[in-house]
Amino acid sequence: MSHFIDRRLNGKNKSTVNRQRFLKRYKSQLKRSVADAVNKRSITDIDSGERVGIPSKDISEPVFHHGKGGVRDMVHPGNKDFVTGDRIRRPEGGGGDGSGQGKAGKGGKGDDDFVFELSREEFMDLLFDDLELPNLVRNQLMGTTEFKTVRAGYSTDGSPSNIDVVRSLKGAIARRTAIGAPLRARARELEEEVQTLLDSGIEETDPRVREIREEIDRLRTRIAALPFIDTFDLRYQSFTKLPEPTSKAVMVCIMDVSGSMDQVRKNLAKRFFILLYLFLQRNYDKIDVVFIRHHTIAQEVDEQEFFYSRETGGTVVSSALNLAYDVLKERYDSSVWNIYAAQASDGDNWDSDSTVCRDLLVEKLMPLMRYFAYVEITPRQHQSLWYAYQEVRATHRHFAMQEIDGAEDIFPVFRELFRRQEA
């Protein structure tokens with residue numbers, strides 16, 4: 001389907017509509033560029049805008065013009081290679097005159113790709129398109145804290161901004177019709193009576209005729225005096241507030257900062273959690289985030305310390321799971337809250353602690369969870385924690401695990417873990 005660009009001057013927000021239409025038309029190309037951009041960015045500027053290149057051949061716009069009409073075959077003067085009816089083959093390799101992946105034209109000229117600049121908001125929309133927290137349930141009536149405003153018919157009083165003009169005018173017409181109907185009927189009767197008198201030979205100056213004429217005038221004056229609209233006619237749109245079920249969710253972020261997690265792996269883990277944090281902030285109004293760092297000792301920290309603290313040590317993963325369980329039991333009732341967790345580690349754990357982690361997940365945490373996502377950041381063979389978690393995944397469908405080798409894996413893994421589920 002073709003779309004035509006409105007280039008009229010002084011259009012009201014016409015460029016906004018066209019921009020949204022452009023984003024929709026080239027969404028697949030823009031999403032590929034956004035995914036590439038995320039992998040190349042540093043931790044601090046992952047949520048800024050982006051400049052995206054689109055092949056110029058893909059952005060041609062249909063235009064109206066006077067055409068020659070019909071099918072015309074012609075051979076231009078000076079041509080030595082073709083005759084009428086010949087078909088010209090496409091250049092091999094998809095190349096044309098200049099742009100894209102092909103070779104430059106013989107004339108040495110071509111067109112650069114069209115560069116489109118995404119705003120921060122547009123970039124974020126494309127970044128988190130088709131993602132959601134799995135298994136989210138609206139499970140609580142919040143009482144007085146959250147309401148939904150709904151229409152509740154019409155009322156005879158309200159603020160001027162809520163006047164329903166159409167319904168008020170309908171009421172005014174009905175009132176004038178109802179009040180004026182007897183007067184108009186009486187006037188018609190008198191007019192018929194006057195006409196009967198005149199037909200019988202009585203002159204217009206006869207006192208009886210003049211008296212009836214005066215009565216008709218008084219009736220018409222009363223009809224004309226009916227107000228076009230009265231305060232009685234005014235109707236106001238009425239609204240009421242209904243409590244609506246809302247979702248309360250908490251995400252527990254668990255990051256391994258032990259000595260085996262070198263700076264490269266810590267940065268990969270931080271990039272994953274920054275993506276997760278931006279996703280939660282952008283898509284959900286009410287969600288709590290609990291940050292837990294651990295080496296041999298686990299600690300609940302704030303956002304700043306979670307991403308920027310440099311403390312390190314050995315590895316006891318069960319310390320973080322135990323702390324997460326204590327936090328949830330103390331502050332987040334699973335019958336009220338949708339509970340999620342995401343854990344990032346290189347999988348290197350103390351001997352026998354991995355089986356402890358498995359038991360903690362199966363017996364304590366998974367019964368509370370809507371979804372638990374584990375990412376292992378390691379280019380080498382899996383460690384004992386991975387194999388212990390595989391046993392958890394085998395028995396719990398809401399447990400997911402993925403592996404990250406490098407920066408290029410972060411965004412695909414993130415989308416896989418939080419992709420929108422089919423209804």
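This short talk walks through the core, the salt bridges, a surface patch and the cysteines of a predicted model.

Before the details, a word on conventions: because this is a predicted model, local features need pLDDT of at least 70 and side-chain atom pairs count only at pLDDT 80 or more, while totals for chains, interfaces and linings use all residues. Residues are numbered from 1 along each chain as its sequence is written, and side-chain values use heavy atoms, with hydrogens and water left out.

Let me begin with the interior. The largest nonpolar core, where a core is a set of buried Ala, Val, Leu, Ile, Met, Phe, Trp, Tyr and Cys residues joined through side-chain atoms within 4.5 Å, holds 57 residues, and those that touch the most other members are Phe272, Phe273, Leu276 and Phe418. Helix 6, residues 263-283, gives the most to this core, with 11 residues; helices here are DSSP runs of H or I with at least four residues, strands are runs of E with at least two, and both are numbered from the N terminus. Where does the core lie with respect to domain 1 and domain 3? Domain 1 (13-56 + 115-129) and domain 3 (249-418) both give residues to the core, so it lies between them, with the bounds coming from an automatic or database domain assignment.

I turn now to the charged pairs. A search of the whole structure finds 12 salt bridges, a salt bridge being a side-chain nitrogen of Lys or Arg within 4 Å of a carboxyl oxygen of Asp or Glu.

In one of them, the side chains of Asp125 and Arg282 meet at 2.6 Å, N to O. Because Asp125 lies in helix 3 (residues 120-127) and Arg282 in helix 6, this pair ties together parts that are 157 residues apart in sequence. Asp125 is partly exposed at 45% relative accessibility, and Arg282 is partly exposed at 29%; on this scale buried means under 20% relative accessible area, exposed over 50%, and partly exposed in between, with a 1.4 Å probe and protein chains only.

Another salt bridge joins Arg420 and Glu132 at 3.9 Å, N to O. Arg420 lies in the segment after helix 11 (407-417) and Glu132 in the loop between helix 3 and strand 3 (140-141), so parts that are 288 residues apart in sequence are tied together.

What, then, of Asp346 and Arg265? The closest N and O atoms of this salt bridge are 3.7 Å apart; Asp346 is buried, at 0% relative accessible area, and Arg265 also counts as buried, at 14%.

Salt bridges that share partners also join Arg358, Asp359 and Glu391 into one network. Arg358 lies in helix 9 and is partly exposed, at 22% relative accessibility.

On the surface, Val165, Leu169, Phe228 and Ile229 make a nonpolar patch of about 370 Å². Ile229 sits in the loop between helix 5 (207-224) and strand 5 (236-243), and at 38% relative accessibility this residue counts as partly exposed.

Finally, how many disulfides are there? With a disulfide taken as a pair of cysteine sulfur atoms within 2.5 Å, the count comes to zero. Two cysteines are worth locating by accessibility: Cys253 is buried at 3% relative accessible area, and Cys357 is buried at 0%.

How values were computed:
Patches are made of residues with over 30% relative accessible area and no salt bridge: like charges are joined within 9 Å, nonpolar side chains (Val, Leu, Ile, Met, Phe, Trp, Tyr) within 5 Å. Accessible areas come from the Shrake-Rupley method with a 1.4 Å probe; for residues, only the protein chains shown count as cover.
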